[in-house]
Amino acid sequence: MPSSKKLKSLVALFVLAASLVGCASSGDYTPFLRAEPAADAVLNRAPRNLRLFYNALPDVPKSSLTLTGPDGNYDLRGFHTMGSDDLMIEITNPSIPDGDYVVDWSAVVGEDSAVYEGSYRFTVATDR
Ligand SMILES: [Cu+2]
């Protein structure tokens, strides 16, 4: 039989492990609702901005966005919120090439201090 001391430390370890799993932002829950351009959209014009909508107001300084595409990482500027539970940023180069793009986001949203992360893709196909 394990000693009660050993049992207590096992229980403590289990509780710790369970709480770590509970904190991880890789669970099913996400505050992310939708984006413009939309996830999986095929666009016939290069987008000028990225706008992501959440279920509460994001904390801009604690959030970030990156855009990766055919030429690697694209410069983004003017990260802000329009105050509509959104994050918005301008794509610096107004003529990004045709191809597949991935938006990676990280955000602290509303009263929740957790950092959530996610990504989605869209395609630009202008045939120019
Ligand atoms: Cu804006």
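Here is a short walk through the structure, one selection at a time.

Before you click anything, note that this is a predicted model: local features need pLDDT of at least 70, side-chain atom pairs count only at pLDDT 80 or more, and totals for chains, interfaces and linings use all residues. Residues are numbered from 1 along each chain as its sequence is written.

**Stop 1: the four-stranded sheet**

Strands here are DSSP runs (E, at least two residues), numbered from the N terminus. Two of them count as paired if DSSP finds at least two bridges between them. Start with the open sheet of four strands, whose order is 1-3-7-6 and whose pairing is antiparallel. Its edges are strand 1 (32-36) and strand 6 (76-80), and each of these pairs on one side only. Neighbouring strands in this sheet are turned by 15° against each other on average, direction ignored; the axes behind that angle are lines fitted to C-alpha atoms, with angles running from 0 to 180 degrees between N-to-C directions.

Now select residues 49-54, which is strand 3. Strand 3 and strand 1 are antiparallel and share four bridges. For a landmark, pick Ala35 and look across to Leu52 in strand 3, which stands opposite.

**Stop 2: the five-stranded sheet**

Next comes an open sheet of five strands, in the order 2-9-8-4-5, with mixed pairing. Strand 2 (42-43) and strand 5 (72-74) stand at its edges with a single partner strand each, so one side of each has no neighbour in the sheet.

Select 99-107 and 116-124 together: these are strand 8 and strand 9, running antiparallel and joined by nine bridges. Along this pair, Val102 stands opposite Arg121 in strand 9, and Trp105 faces Gly118 in strand 9. Then add strand 2, which pairs with strand 9 in the parallel sense over two bridges. Val42 has Thr123 as its bridge partner in strand 9.

**Stop 3: the core**

Which residues have the most contacts inside the largest nonpolar core? Select Leu50, Leu52, Tyr54, Leu67, Tyr101, Val103 and Ala107; the core as a whole has 17 residues. A nonpolar core here is a set of buried Ala, Val, Leu, Ile, Met, Phe, Trp, Tyr and Cys residues joined through C-beta atoms within 7 Å. Strands 1, 3, 7 (86-91), 8 and 9 are the elements that give two or more residues to this core. Strand 8 gives the most, with four residues.

Zoom in on Tyr101. Not counting residues up to four places away in sequence, Tyr101 touches Leu67, Thr68, Gly69, Arg121, Phe122 and Val124 (contact means C-beta atoms, placed from the backbone, within 7 Å).

**Stop 4: two residues to compare**

Buried or exposed: what is Arg48? Arg48 counts as exposed because it has 9 C-beta neighbours inside 10 Å. The cut-offs are 20 or more other C-beta atoms within 10 Å for buried, 12 or fewer for exposed, and partly exposed in between. You'll find Arg48 in the loop between strand 2 and strand 3. Leaving aside neighbours within four places in sequence, Arg48 is in contact with Glu90, Ile91 and Pro94.

Finish at Ser106, in strand 8. Ser106 is partly exposed, with 16 other C-beta atoms within 10 Å. Beyond four places in sequence, Ser106 touches Ser63, Ser64, Val115 and Glu117. Try a distance label to Gly118: Ser106 and Gly118 are twelve residues apart in sequence and 6.6 Å apart in space, C-alpha to C-alpha.

Definitions and conventions. Two residues are in contact if their C-beta atoms, placed from the backbone, lie within 7 Å.
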